[in-house]
Amino acid sequence: MAGSPIFLVGLFYWSHLKRRRGSRNLLAVAAGLAALGWAALVLAALGPAVCAAQNAPTRVVIDETDRKINVPAEVRRIVSIAPSVTETIYALGAEARLVGDTDYCDDPPEAKTKPHVGALLNPSFEAILALKPDLVISSAINRPETVLALERLGVPVYATDPRSVEGTVDSIEGLGELIGAERAGKMLAAQLRARLDNLHRRLAGRPPKRVLFVVWEDPLISVGPNTFLADALRQAGAESVVETTQDWPKLSLEEAVRLQPEALVFASAGAGTKSDDYDGLRERPGWGALEAVKQGRIAVVSDALDRPAPRMIDAIEQLARQLHPEAFGAQEGKR
Amino acid sequence: MQPLTIRRIVLTCAVLAAVLFAVSVISLKLGAYPMSARDVVLTLVRRAIGHTDAIPSDFRLVIFGLRLPRIALGILVGVALSVSGAGFQALLRNPLADPYVLGVSSGAALGAILSLVFTPHVPLAMQGAAFLGAAATIAAVYFLGRRGGQLDSATLLLAGILSASFLSAIIMFLMTTLSGRDLRGMAFWLMGDLSTAPPDWNLLGSLYVVLLAAVGAIYTTSSDLNLILTGEQEARHLGVNVGRVKLVVYVSASLLTGLAVSVSGSIGYVGLIVPHVMRMLFGSDYRILIPTTALGGAIAIVAADTLARTVVAPTELPVGAMTALAGAPVFIYLLRRRLP
């Protein structure tokens, strides 16, 4: 065994020193004990492994990243490691089965009271195991390494991976089926689809507004065309002025001025209307040179826009109302 | 200082091994999953004597699937970083030498990032690429650091520093221009992180073989390193093959750096501080410095990682942040104390 060399050296040394007297004896005994301890630890680590017996009935499902996973026939204890998943579970009325979520799951507010398992990119595997989940649900915001590691620990992980607004609605419906809230999922998805259809009808024939979506102000970061945020903009009758292959392009203000977007779009917590917070932009160097800023064409929508969950549709509607008030009738132009 | 005897080396190492054992047991007990000391000991004993069926499956996962591999990984990284630091310091006769200063870890990091971009789902590709990155950086720095046919310490150090910043710039460039989910974990990884994935025992086993080989290779040169430290000319007159010794240390130390970076990213300060502390405690004879530095590095990383995963549990901090947080002030204190 790998522990024995350490053990033997310790034993040899201990017996060697036994003949000497004095304070070193104590050290020698301590060293001997440590060697024994090490041997035990290494033995334990290398001991035979066993596989946990699965006795609950399971079914095989395919998740949104095409992984085959074994899910209990009836899911009872869910840990969500993405805010969008947490929000969807609440929207499906299945929150009683949600036993844990992340530090960033803040919507609905009740989600903040669930036990947390850490951050999105490095949740604590121990905290997840401690909640004894029979299913962990992840999203594209998590890292694939996290999913693999949980899988290796024998915890089934269903990975959602919505890439567009319609994909998000499909994903919500799929989650409902997965966690035994099939009817709620179908109803919610039908509702959301109807709202999107309504939006499409109202916006039909109107040319999309050229907007600059501001993910971050300083430095200025916007969105690329392959993100679902870009799709959310399209659904709201807008298109990003930024042409890039990157997902989160960093722009210079100079480039923004050259592009002269028709409107700026900000996503912010608790927003739904134009906010005075953004009037200050006019005084800031560079920003003042933007026509959209000069004329106050700034749309502020809820930060739900960048979370692939039911409230994203609310945010899309908010944005559409602000960008195309005429399509919603004058009295509905502002909420 | 008393004369250096085998007895003194073994005794000192045994005491450090006892400290490492104590730190590991404490680390095994602490974590987001609540477990009593009794449960931990029972689980270990049951596994050691083969009564595995009696272990609750959660305990088995937490102890053998998460905490023990992580401690083993911490020991591996701690030994690799601190011994390579001690090796580079002897090689360059410069107390500031460290895998980071020499650009070796930046090279390894660049290799690992490139493998994440181009071969994201190939197992072990990241480790291999980090090895290659470290080796290529070494080759470049070694080549650039030669002057008049032999290694010049100052030129080498400068070449290392320049390579480090050049490679970091490439890493920044890649991280800005390439986007995709596979790079988002990089921020953690660049800070040094042991939490990303619990390693499996087969991978750990093969990494430990490399570790022991490289540390062993450096240890065989320790008497020669003592002579080289008193002066290369003198060492040469005493029959030391200085070029060969330097090559052995250089290659082994880079191998150790690539090993550490491939599994844990860039954990700073360990390679710099641990050898210095050990020198102050046990003298600068490399025959005792190498083994004590190895054990000291293991203790430092296991302790830092235990703190990193418990202070704000269940949220985990990168262990590199902990080592920098604790390491920088300790280093400044040691520097000031040494001033006359």
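This is a short chat about a sheet in chain A and the nonpolar core of a predicted model.

Me: Before I dig in, what are the ground rules for this predicted model?
Reply: Local features need pLDDT of at least 70, side-chain atom pairs count only at pLDDT 80 or more, and totals for chains, interfaces and linings use all residues. Residues are numbered from 1 along each chain as its sequence is written, with chains lettered from A and ligands numbered from 1 in the order in which they are written.

Me: OK, what's the strand order in the open sheet of chain A?
Reply: E8-E7-E9-E10, four strands with parallel pairing. Strands here are DSSP runs (E, at least two residues; helices are H or I, at least four), numbered from the N terminus, and two strands pair if DSSP finds at least two bridges between them.

Me: Which ones are the edge strands?
Reply: E8 (238-240) and E10 (298-302) of chain A, each pairing on one side only.

Me: And how many bridges between E7 and E9 of chain A?
Reply: Four, linking residues 209-214 with 263-268 in the parallel sense. Phe213(A) stands opposite Val265(A) there.

Me: Switching topic: which residues have the most contacts inside the largest nonpolar core?
Reply: Leu264(A), Val265(A), Ile316(A), Leu319(A), Ala17(B) and Ala80(B), in a core of 189 residues. Such a core is a set of buried Ala, Val, Leu, Ile, Met, Phe, Trp, Tyr and Cys residues joined through C-beta atoms within 7 Å; buried means 20 or more other C-beta atoms within 10 Å of a residue's own, with C-beta atoms placed from the backbone.

Me: Which helix gives the largest share of this core?
Reply: H3 (residues 57-92) of chain B, with 21 residues.

Key
A residue is buried if 20 or more other C-beta atoms lie within 10 Å of its own, exposed if 12 or fewer, and partly exposed in between; C-beta atoms are placed from the backbone.
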